[in-house]
Amino acid sequence: MKRVFSGVQPTGNLHIGNYLGALRQFVDLQEENHCVYCIVDLHSITVEQDPVVLKEHILDIASLYMAIGIDPKKSIVFVQSTVPAHAELAWVLMCNSYTGELSRMTQFKQKSRDSESAPTGLFCYPVLMAADILLYDADIVPVGNDQKQHIELTRDIALRVNNKYGETFIVPEGRFLREGARIMALDDPMSKMSKSAPNEASRISLLDAPAKIKKAIMRSTTDSDGEIRFDTKEKPGVSNLLNIYSSFSGKPVSDIEKQYAGQGYGAFKKDLVEIVVDSLTPIQERYREIRHAQELKDLLQEGTEKADVIARKTMTRVKERFGLGI
Ligand code: TYM
């Protein structure tokens, strides 16, 4: 069995980009692998969070994990800050990474807006992510395309440590989906769909009511030629909608193009609304069942205990290799 690790930040409800780009794979992977899924609260405080809201978001994401089909009997689900080894290993890895490589991370550049002084945590964010992955000896890391660079860095750090100190870490591989690997904003198909974009209509959250989904899709940015054709350069808006349609319905893009040939955008968008609403309704029902149940916290506690056992073992190995401790 291979070990799988992935994480999601508790910064607002998940949107369909997170779901189609990463989380849906989490569910498939748990059938034949040993999966560890984390709610990365330490990553989320690299930008300012309201503590009361953050606590709620952690439980929201945990409930969504369960609602999309992650089964805590098969997979470990836990909150990052409840396992101290994440921060501990991150420090060791920071001593084996370079300001040059961290400065090149596009997410850091975007989030710091190239300002001269940015929070150190934001700068070291990818190193903490490497620690998450390496701590669990993960072979596979299912993520959206936007995390590619971070996975590369994780591999570089793992190889560097292995070369310097002897075999310490498994060198992990990213797993990216082709379709749906990058879902773009509905109001601006040149930027990725994001939890933090100010315009609510730019995304569809997994918990959105049908009316909100309808509004966001019907108003989504397309173009004026009325042709339903996949062409990310000339027709990024329509291509993004085709991608969403295909990912939720399982139909190949070419079949969808044929189905709507000569029909304009209205009918296509209307059907897309129905497909998205029908796909999200069962997730929303399961979410409501678990969100306020005591069972949720019990499951997370069990997850912490299981994750902690694996993490401690890795830290013992790391400390031995580095000559740390007594
Ligand atoms: P986060 O919380 O931003 O996103 C969670 C997952 O969703 C994917 N994703 C997308 N996929 C397609 N289209 C989009 N518009 C889109 N937006 C987000 C992300 O690629 C991600 O897989 N750094 C990570 C969290 C993390 C992590 C880790 C992941 C921390 N430690 C260790 C894997 C392994 C992040 O910010 O995800």
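**View 1. Polar contacts of the ligand with G17, D132 and M193.** In this predicted model, a nitrogen atom of the ligand lies 3.1 Å from a polar backbone atom of G17, where a polar contact is a pair of N or O atoms within 3.5 Å (within protein, one must be able to donate a hydrogen and the other to accept it, and residues adjacent in sequence count only if both atoms are side-chain atoms). The side chain of D132 offers an N or O atom 2.7 Å from a nitrogen atom of the ligand, and a polar backbone atom of M193 is 3.0 Å from a ligand nitrogen atom.

**View 2. The surroundings of the ligand.** The ligand is surrounded by 27 residues, of which Y125, D132, G144, D146 and I183 are the closest; a residue counts as near if one of its heavy atoms lies within 4 Å.

**View 3. The interface of domain 1 and domain 2.** Domain 1 (3-181 + 294-322) and domain 2 (200-287) follow the domain assignment of the protein, whose bounds come from an automatic or database source. About 1400 Å² is buried between domain 1 and domain 2, with carbon and sulfur atoms giving 67%; this is the accessible area (1.4 Å probe) that two parts lose on being put together, summed over both.

**Basis of the views.** Residues are numbered from 1 along each chain as its sequence is written, and side-chain values use heavy atoms, without hydrogens and water. Local features need pLDDT of at least 70 and side-chain atom pairs count only at pLDDT 80 or more, whereas totals for chains, interfaces and linings use all residues.
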